[in-house]
Amino acid sequence: RLPTGLFVSPYQHNKMLMPKQTRKTILSTLFKEGVMVARKDFNSPKHPELDVPNLYVIKAMQSLKSRGYVKEQFAWRHFYWYLTDEGIQYLRDYLHLPEEVVPDTMKKQAKPEAPRRPMGGGGGRGGYGDRDRDSYRRGPPGGGFGGEKKLGGAPGGFEPSFRAGFGRGAPGAGRGRGG
């Protein structure tokens, strides 16, 4: 029973209460990584990555989504949420973080340096050394692959014949024709 004079908005009845520390844990993890994943299992006692109930994670992300702070994807029973620019600013204000701190998804990844190959010279692909690409496509020096050069194609006297009753064109052999 509500005390008299207390106004309750019809939009507030479905709001979920959760401990402030739990909300802070969820939001700080979201800010740190820039993304959040949760299985669509409302009865799961614990989120796989956080020490909070899975339902709390889903509901906190739904709240952020309704305000435009995250974008949601759903595939194969999993929710995927990505922070928007407005969400990054909101979480910075909520968690009292400086402007220099950014989520991991916004940081530039240092690309591992690939081993350098010598330009031109020997040791190239297929052992052709300093020849150009066309010589590689023509085949090995001295004649071709496996001896004499053979001409492709059918022998001179080959005459194909197409008879009814074989393959797809056979009368009565198709699907759904009865018989």
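In this predicted model, strand S3, residues 78-83, shows two faces. Phe 79, Trp 81 and Leu 83 make up the covered face. His 78, Tyr 80 and Tyr 82 make up the uncovered one. Side chains in a regular strand alternate between the two faces of the sheet.

S3 is paired with two strands. Strand S1, residues 35-39, runs antiparallel to S3 and is joined to it by 5 bridges. Within this pairing, Val 37 stands opposite Tyr 80 of S3. Met 36 has Trp 81 of S3 as its bridge partner. Tyr 80 belongs to the uncovered face of S3, and Trp 81 to the covered one.

Strand S2, residues 70-75, also pairs with S3 in the antiparallel sense, here over 6 bridges. Glu 72 stands opposite Trp 81 of S3. Trp 81 thus has Met 36 as a bridge partner and Glu 72 opposite it as well. S2 and S3 form a hairpin, with 2 residues between the strands. Trp 76 lies in the turn and has a positive phi of about 50°.

Together the strands form an open sheet of 3 strands in the order S1-S3-S2, with antiparallel pairing. S1 and S2 are the edge strands, each pairing on one side only. From one strand to the next, the twist averages 20°. Helix H2, residues 54-66, lies across S1, S2 and S3. H2 runs at about 130° to S1.

Helix H3 spans residues 85-95. Its buried residues are Gly 87, Ile 88, Leu 91, Arg 92 and Leu 95. Viewed down the axis of H3, these residues fall within an arc of 140°, so they line one face of the helix. An α-helix has 3.6 residues a turn, so residues three or four places apart point the same way. The buried residues of H3 pack against S3 and against helix H1, residues 20-33. Just after H3, His 96 takes a positive phi of about 55°.

S3 therefore recurs throughout this description. S3 pairs with S1 and with S2. H2 lies across S3 along with the other two strands of the sheet. The buried residues of H3 pack against S3 too.

Technical notes. Residues are numbered from 1 along each chain as its sequence is written. This is a predicted model: local features need pLDDT of at least 70, side-chain atom pairs count only at pLDDT 80 or more; totals for chains, interfaces and linings use all residues. Side-chain values use heavy atoms; hydrogens and water are left out. Buried means under 20% relative accessible area, exposed over 50%, partly exposed in between (1.4 Å probe, protein chains only). Helices (H or I, at least four residues) and strands (E, at least two) are DSSP runs, numbered from the N terminus. Two strands pair if DSSP finds at least two bridges between them. The arc is that of the directions from the helix axis to the C-beta atoms. Contact means heavy atoms within 4.5 Å. Axes are lines fitted to C-alpha atoms, for helices over the stretch in contact, and angles run from 0 to 180 degrees between N-to-C directions.
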